[in-house]
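Subject: Structure handover

Hello,

Here is the structure I said I would pass on. Please open it next to this message and follow along.

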Amino acid sequence: MGLTLAEKILSQRAGREVRAGELVVVEVDQVMVVDSIAGSFFKRLEQLGATPRYPEKVAIVIDHVAPAANVEVAKAQKEIREWGNRHGCRVFDVGRGICHQVLIEEGLALPGGIVLGSDSHSTTYGAVACFGSGMGATDIALAAASGRTWLRVPESVKVTFRGRLNPAVSAKDAALEMVRLLTADGATYMSVEIHLEDGAESLTRSQRLTLANLSVEAGAKCGLVVPSGEILELYDVPGWLYPDPDAAYVREVEIDLSALTPRVSVPFYVDNVQTVDSVMGKKVDQVFVGTCTNGRLDDLREVAEVLRGRRVAPGVRMLVIPASSQVLEEATADGTLLTILQAGATLGTPGCGPCMGRHQGVLAPGEVCVSTSNRNFKGRMGAADAEIYLASPRVAAASAVAGFITTPEALEQEVSHV
Amino acid sequence: MSRVWKFGDSINTDDILPGKYAPFMVGEDRFHTYAFAHLRPEFAQGFRPGDILVAGRNTGLGSSREYAPEALRKLGLRAIIAKSYARIFYRNLVNLGIMPFEAPEVVDALNDGEEVELEFEQGVLRRGSETFRLTPPPAFLLEALKEGSILEYYRKHGRFPGEGTP
Ligand code: SF4
């Protein structure tokens, strides 16, 4: 019996063949800490009486509340800078961007590597076949102190995407469909191993990041995309970094990309995935484009394409927050942002924005938000009864123009009917 | 005696501690007073040390925020009985010294608000004359829990449970 991609990575690192179910202690390549967890991380290291064993392998990103929203946060962020300097750890300061995007851009998450993040969406690194996994402050502190972590080698669920997306459909729709099929706990403790075949290899790194990002919404420990296409152009991919054809999977799921239609995840759970048609016409108060799921250049370009020559509907607030300073620069240079701003959208500092309800666009009771993010839990973006509908950047942009949930295609039709 | 605080399936970390009440936002000394602030506003006031949490499937799904279970720990929680757990939450519980029992039948049998007695090291739960047995977590984790937490374990031994000398 062959090995899955997760078993390959952990075997390589453990220096012996390991199988699902075994416990391993392995070296990690990078430990990522976000601003909101940094305080607990420092406290745990103090309790351990330890400092980072390899300071260059620890990166702290100020992104969850950036710039600081109150004095408490400002103090915490000041401490991060001082601590980083003192220990020689990298600090990515206000405006650099969202942790996961930054680690990918900085080349700190690489094929075949192991990256632990103090954030559940650390599965995102799986887009480049890096074993990325989220953990709490204690585990993260132990990893920084020891350079290692303990892991149970996960079982794997194989998800095969086939064919090509039609132009009205995005990687986000494919990712939501995957979460719907797997359900919110369908891959708990497991690796979601994503295979792209029959044309799906053409999915870009950015699109793969969206898939790997959402794998945690099925409970996954990691979401590994088998390297192909653009990944082979961007990285040196080691020859061993492929699953064996006879690897064992707990479950196998297939998704035909060419047959997919736009999706939306309705409150209050991510796996409540429906077709956009079923919620078409729902009135919207706010539209948020950004986050580690869909805040990249290609996402913003899709938004601009929909917004070109149009206006955001009266009474709707449209917030656009690029995932990183690099995305912001590129979207400025190629005119994407101008188109978005001319349509009446508001620009925020690269970072998480209102994704977790702390600042820059929290929701009032009863409000409805279409968001390109990855979670629609009760109270996630503010008031407990505010509603978050998760959708692709295209659907988000069309909904901003219409003032209710819709698709760019439906928007076209409406215009041509007048 | 411990009071049972029973919840349904899929309580997530935003339910347990909404992001806006993170220690990072409201201070280290206050965040635990917002546990279940949206879902069950009377919880933080009413919870007494030693009370137990009983929950359904996929307990603790969502973010990696260790301060969610830490808020519960600060209120005096030492054990949870659930049908199943989300991965990161499970690790965080063990790391904080909260015993995660997985026992779907026991969850179904218990009612919110009733008083029970839990000897958590033995995994024995009593309700009146009834006795329930709870399967303890895997040996590897118990080894860490015995030292109080994984931090204590690592500090003492300089290695992880089950690992040879580094
Ligand atoms: S953008 Fe949202 S989901 Fe992504 S890391 Fe930030 S808060 Fe988490």
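Below are notes on salt bridges and on one pair of helices.

Please keep in mind that this is a predicted model.

Salt bridges

Counted over all chains, the structure holds 41 salt bridges. Side chains of opposite charge can pair when their charged atoms come close. I picked out three pairs in chain B and one network.

The pair to look at first is B:R65 with B:D14, where the closest N and O atoms are 3.4 Å apart. This salt bridge links distant parts of the chain, with the two positions 51 residues apart in numbering. B:R65 sits in the loop between β2 (52-55) and α4 (67-74) of chain B, while B:D14 belongs to helix α1 (residues 13-16) of chain B. Are these two residues buried or exposed? B:R65 has a relative accessible area of 2%, and because the cut-off for buried is under 20%, B:R65 is buried. B:D14 also comes out at 2% relative accessibility, so B:D14 counts as buried too.

The second pair is B:E119 and B:R126, whose side chains form a salt bridge at 2.6 Å, N to O. B:E119 is partly exposed, at a relative accessible area of 32%. B:R126 also has 32% relative accessibility and counts as partly exposed.

In the third pair, B:E130 meets B:R127 in a salt bridge at 3.0 Å, N to O. Here the two partners fall in separate classes: B:E130 is partly exposed at 37% relative accessibility, whereas B:R127 is buried, with a relative accessible area of 17%.

There is also a network built from salt bridges that share partners. It joins A:K43 and A:R44 of chain A with B:E28, B:E66 and B:E70 of chain B.

A helix pair in chain A

How do helix α2 (residues 35-48) and helix α5 (residues 137-146) of chain A cross? Their axes come within 8 Å, at a crossing angle of roughly 55°. The two helices are therefore oblique to each other, and α2(A) passes α5(A) in a right-handed crossing.

On the α2(A) side, the contact is made by A:I37, A:S40, A:F41, A:R44, A:L45 and A:L48. From α5(A) come A:A137, A:T138, A:I140, A:A141, A:L142, A:A144 and A:A145. Sorted by class, this contact has ten nonpolar, two polar and one charged residues. A:R44 is thus named twice here, in the helix contact and in the salt-bridge network.

Regards

Methods. Residues numbered from 1 in each chain as written. Chains lettered and ligands numbered in written order. Predicted model: local features only at pLDDT ≥ 70, side-chain atom pairs only at ≥ 80, totals over all residues. Heavy atoms only, no water. Salt bridge = Lys/Arg side-chain N within 4 Å of Asp/Glu carboxyl O. Helix = DSSP H or I, 4+ residues; strand = E, 2+ residues; numbered from the N terminus. Buried < 20%, exposed > 50% of the residue type's maximum accessible area, 1.4 Å probe, protein only. Axes fitted to C-alpha atoms, helices over the stretch in contact; angles between N-to-C directions. Parallel < 35°, antiparallel > 145°, perpendicular 65-115°, else oblique. Left-handed = near helix turned anticlockwise from the far one by under 90°. Contact = heavy atoms within 4.5 Å. Nonpolar A, V, L, I, M, F, W, Y, C, P; charged D, E, K, R; others polar.
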